Amino acid sequence: MLSILKGIWYVFLHTFQKRVTVQYPDEKPYLAPRYRGRIILARDPDGGERCVACNLCAVACPVSCIALQATEDEHGRRYPEFFRINFSRCIFCGFCEEACPTYAIQLTPDFEMAEFHRQNLVYEKEDLLINGPGKYPGYNFWHIAGVQIGGKDKGQAAHEAAPVDVHSLLP
Amino acid sequence: MTSPYPMLSILGILTVALTTAAGLIWLERRLLALWQDRYGPNRVGPFGLLQVVADGVKIFMKEDWIPPFADKSVFILAPAIIVLTVLMSFAVLPVAPGIIISDLNIGLLFVLAMSSLGVYSVVLAGWSSNNKYSLLGGLRAAAQMLSYEVFMGIALMGIVLLAGSFSLTAIVEAQRKIWFVIPQFLGFVLFVIAGLAETRRTPFDIPEAESELVAGYHSEYSGMKFGMFFVGEYLGLTLISALITVLFFGGWLGPVLPPVLWFLLKTFFFISFFILVRASLPRPRFDQLMSWGWKVMLPLALVNLVVTGAVVLAWS
């Protein structure tokens, strides 16, 4: 009997406690920089697309919401012909970001993506691409990849040393 | 003592009672939220007050569905009974000197009779729905309300002994020296518990226990018929709070403020208390409820009656 009254009293004491609700549209909650929200495609510091269309994100995706088609430009560099993310399927697990070898695909602290039509949740490449490098400002995959392109062999680009001749013992 | 303007009293009490019942939806949600560290409805109008209007519009727009397997006429009648019986009780409730619809000399008995009739609503709703969960809810409601009715009446007899009258006005007038909550504290506690059970509110909402019976007797109801059960429940809550005020806390009696305001203040205090109880207590098991009613509350009520009778006899 006493415990019942005690319970009522403790609940009453909550009258004077701070409310935990965040009044969402009026006050926005803090989202950490590594929050897993809307997915973007980042660019290199010099403006080129980072994505090399390796398909690793599409393979890693547990709900198969990423679709892309690889193609090559005139220098022989791979890039996606189309890149499509179906956000009505996406579970924002971040596996694609973990799988990406070039820091191209990144998750951002934004979750306000509601749409009235389901079709509008399918984002094409132009919707996904942003004009910056995202979370990795100095990184340029092609500068450290050591891949030859049209006009330049391996080791001939800026900041590159000639490759080691593995068949020779000379230094 | 009847009202100088009977029609005005009727209209006034009816309007205030129904408005209070509707407003309680908002008040209950806000208070429950307060005690759970939330805000509750606060976006429609000032402090979310217009939430009631929005809910009302919504519930009238809902499809009014009567299941094909239901007993149609009884199904429609059941929600009307509960509102009717509770509103009838308001007829004998003295709000302030002069503001009363009918000062029956057996007012208290009339209130008890009306709350007994209210059981029909729940039982018929459960039975006519032709659904096993509804029927179980109706059965539980019948058993619960009948067994708590018994000691509710007996617990109030101590007051009748002290006041020497069944008239609610006379009972209030008899509290000029001391509120009955002090000489009749046991009766007060018993009446509060019985009142909770009568209105079928948490912790005694066993007839509509969501976790066991879907929604109990009103599982099959929709639209405004469903709303009527809730209007009835909130009217019942208002009635029980008003009765506690009248019977134990001196009704309109109080210093400085006008009598109507005192009555409303006390009533809203008890309404808030009932909501606080809902916010804090879990519901007991059905057999616990029944054995509590018959083995603890009823003997206590009888002891209270006998002792009060003996004291009154010795005094005079």
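A residue counts as buried if 20 or more other C-beta atoms lie within 10 Å of its own, as exposed if 12 or fewer do, and as partly exposed in between. Keep that rule in mind as you look around this predicted model, because it explains why Asn86(A), with 17 other C-beta atoms within 10 Å, is partly exposed. Asn86(A) belongs to strand S3 of chain A, so we can use this residue as a landmark once we have met the two chains.

**Chain A as a whole**
- Chain A contains five helices and five strands.
- If you read along its sequence, the pattern is α-β-α-β-β-α-β-β-α-α.
- The radius of gyration of chain A is 25 Å, whereas a compact globule of 171 residues would have one near 16 Å.
- Its C-alpha trace spans about 90 × 45 × 30 Å along the principal axes.
- Buried residues make up 15% of the 171 residues of chain A.
- Among the contacts in chain A with a separation of 6 or more, 72% join residues 24 or more positions apart.

**Helix H1 of chain A**
- Helix H1 of chain A covers residues 2-13 and should span 16 Å, given 1.5 Å a residue for its 12 residues.
- The C-alpha atoms at its ends are 17 Å apart, which agrees with that expectation.
- Is H1(A) buried or in the open? Of its 12 residues, the number buried is zero, so the helix lies largely in the open.

**The sheet in chain A**
- Three strands of chain A make an open sheet in the order S2-S3-S5, with antiparallel pairing.
- S2 and S5 of chain A stand at the edges with a single partner strand each, so one side of each has no neighbour in the sheet.
- Strand S2 (residues 66-72) and strand S3 (residues 78-86) of chain A are joined by seven bridges, and one of the pairs is Gln69(A) with Phe82(A).
- These two strands form a hairpin with five residues between them, and Gly76(A) in the turn has a positive phi of about 85 degrees.
- On the other side of the pairing list, S3(A) runs antiparallel to strand S5 (residues 122-123) of chain A, and two bridges join them.
- Ile85(A) has Tyr123(A) as its bridge partner in S5(A), and Asn86(A) has Val122(A).

**A closer look at Asn86(A)**
- Which residues does Asn86(A) contact, leaving aside its neighbours within four places in sequence? They are Cys65(A), Leu121(A) and Val122(A).
- Val122(A) therefore appears twice in this story, as a contact of Asn86(A) and as its bridge partner in S5(A).
- Ala67(A) is 19 residues away from Asn86(A) along the chain, and their C-alpha atoms are separated by 8.4 Å.

**Chain B as a whole**
- Chain B has 11 helices and zero strands, which gives the pattern α-α-α-α-α-α-α-α-α-α-α along its sequence.
- A compact globule of 316 residues would have a radius of gyration near 20 Å, and the 20 Å of chain B agrees with this.
- Along its principal axes, the C-alpha trace of chain B spans about 65 × 45 × 40 Å.
- Of the 316 residues in chain B, 47% are buried.
- Residues 24 or more positions apart provide 78% of the contacts in chain B with a separation of 6 or more.

**Where the chains meet**
- The contact draws on 11 residues from chain A and 10 residues from chain B.
- On the side of chain A that touches chain B, five residues are nonpolar, five are polar and one is charged.

Notes. Residues are numbered from 1 along each chain as its sequence is written. Chains are lettered from A and ligands numbered from 1 in the order in which they are written. This is a predicted model: local features need pLDDT of at least 70, side-chain atom pairs count only at pLDDT 80 or more; totals for chains, interfaces and linings use all residues. Two strands pair if DSSP finds at least two bridges between them. Helices (H or I, at least four residues) and strands (E, at least two) are DSSP runs, numbered from the N terminus. The expected span of a helix is 1.5 Å times one less than its number of residues. Two residues are in contact if their C-beta atoms, placed from the backbone, lie within 7 Å. Ala, Val, Leu, Ile, Met, Phe, Trp, Tyr, Cys and Pro count as nonpolar, Asp, Glu, Lys and Arg as charged, and the others, Gly among them, as polar. The radius of gyration is taken over C-alpha atoms; the globule rule is 2.2 Å times the number of residues to the power 0.38.
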